[in-house]
Amino acid sequence: RTGLKIASLVMAARCRLAARFHCVHGTNVRLDASRTRATRVESFANGLCFSQEPLAPGQIFLVEIEEKELGWCGHLRVGLTALDPQSLEVVPEYSLPDLVNMGDTWVFAITRSHNRVTVDGDEEPARARSAPWEPFLLIEQVRIPRDTLVGRSRPGRYSHILDDLYKMNVLPATARRSRIGVLYTPQPDGTADMHIVINGEDMGPSARHLPTARPLYAVVDVFASTKSVRVIPVEYGFPSLQTLCRLVIQQHIVHRLAIDGLDLPPPLKSFCKHE
């Protein structure tokens, strides 16, 4: 148990340091001073971004969609690359197909109904899916606090329309505030599987046989209708008492605005409604 705690603390520290974008990026990308927010300022392309550091096994690189732009077809693209961003003479215009065609890169477009990717035409194997109110997401040997991974809408004028989504603790994959992450898990044969996580749900292996002998960077393509994303730090460890209280409350309310009628401190009410 002590070893698990130490491993969680090491991963948490690494994730805090790596939770920003690389200084190398597409020509239409503007980063804020902290390099945690990437905005595409022109056109619909040249929005390619990378993680500042290579990812460790099981380390998720998580972004939240902050702004959308109407009038374009297509959505955010994410994945991994074994190419060092610093070594690129020119950052490609697109992740698909340009960066992928350079080799050792695995990128997928996020769609409104992101289907799990099968390999070599095989049917997807049955997977155990944890309930959305469970505090951790388990991906093979990786254990990630679910609460940070889940994007949620804020209650407001049209909250009744979104209430069914709220009960499931999810938003549509490409919606504003949706959270999308990518990570890899080592396999017995020495390679790795890439996983995409959308609002706390593992999409299953999206690519297999990635090389673990080379550093793997996260790829985030701020493409088309996605205009701005922000990196979300993920704390690997145990959920707080506040988070556990929120999970219990959400299981027992009919409508999220009913939280206002509960005998709870105002800060906890606000936290439960994700304001």
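Which residue lies over the face of Phe223? Arg77 does, at 3.8 Å from the ring centre. Keep Phe223 in mind. I'll come back to that ring. One caution before I go on: this is a predicted model.

Let's start with the sheet. It is open, has 4 strands, and pairs antiparallel. The order is E3-E12-E5-E6. Strands of a sheet pair through backbone hydrogen bonds, and that pairing can be parallel or antiparallel. Here, the edges are strand E3, residues 48–50, and strand E6, residues 105–109. Each edge strand pairs on one side only. Neighbouring strands in this sheet are turned by 20 degrees against each other on average, with direction ignored.

Now look at one join in that sheet. E3 meets strand E12, residues 217–221, through 3 bridges. The two run antiparallel. To find the spot on screen, take Leu48: it stands opposite Asp221 in E12.

Next, the aromatics. The count comes to 5 aromatic pairs. A pair of rings is described by the distance of the centres and the angle of the planes. Take Phe44 and Tyr94. Their ring centres are 6.4 Å apart and their planes stand at 35 degrees, so this pair is tilted. Tilted is what remains between under 30 degrees for stacked and over 60 for edge-to-face.

Where do these two rings come from? Phe44 is in the loop between strand E2 (37–40) and E3. Tyr94 is in the loop between strand E5 (77–81) and helix H2 (95–101). The pair therefore ties together parts that are 50 residues apart in sequence.

Buried or exposed, what is Tyr94? Buried, at 19% relative accessibility, the cut-off being under 20%. Phe44 is partly exposed, with a relative accessible area of 27%.

Tyr94 has another partner, and here Phe223 returns. Tyr94 and Phe223 form an edge-to-face pair, 6.1 Å centre to centre, with 75 degrees between the planes. This pair links distant parts of the chain, 129 residues apart. Phe223 sits in the loop between E12 and strand E13 (226–231). Phe223 is buried, with a relative accessible area of 8%.

Put the rings together. Phe44, Trp72, Tyr94 and Phe223 are linked by ring pairs into a cluster. And Arg77 lies over the face of one of them, Phe223.

One more charge over a ring, and then I'm done. The charged end of Arg143 sits over the ring of Phe136, 3.7 Å from its centre.

Conventions:
Residues numbered from 1 in each chain as written. Predicted model: local features only at pLDDT ≥ 70, side-chain atom pairs only at ≥ 80, totals over all residues. Heavy atoms only, no water. Pairing = 2+ DSSP bridges. Axes fitted to C-alpha atoms, helices over the stretch in contact; angles between N-to-C directions. Phe/Tyr/Trp six-rings, centres within 6.5 Å; stacked < 30°, edge-to-face > 60°. Buried < 20%, exposed > 50% of the residue type's maximum accessible area, 1.4 Å probe, protein only. Lys NZ or Arg CZ within 6 Å of the ring centre and 35° of its normal.
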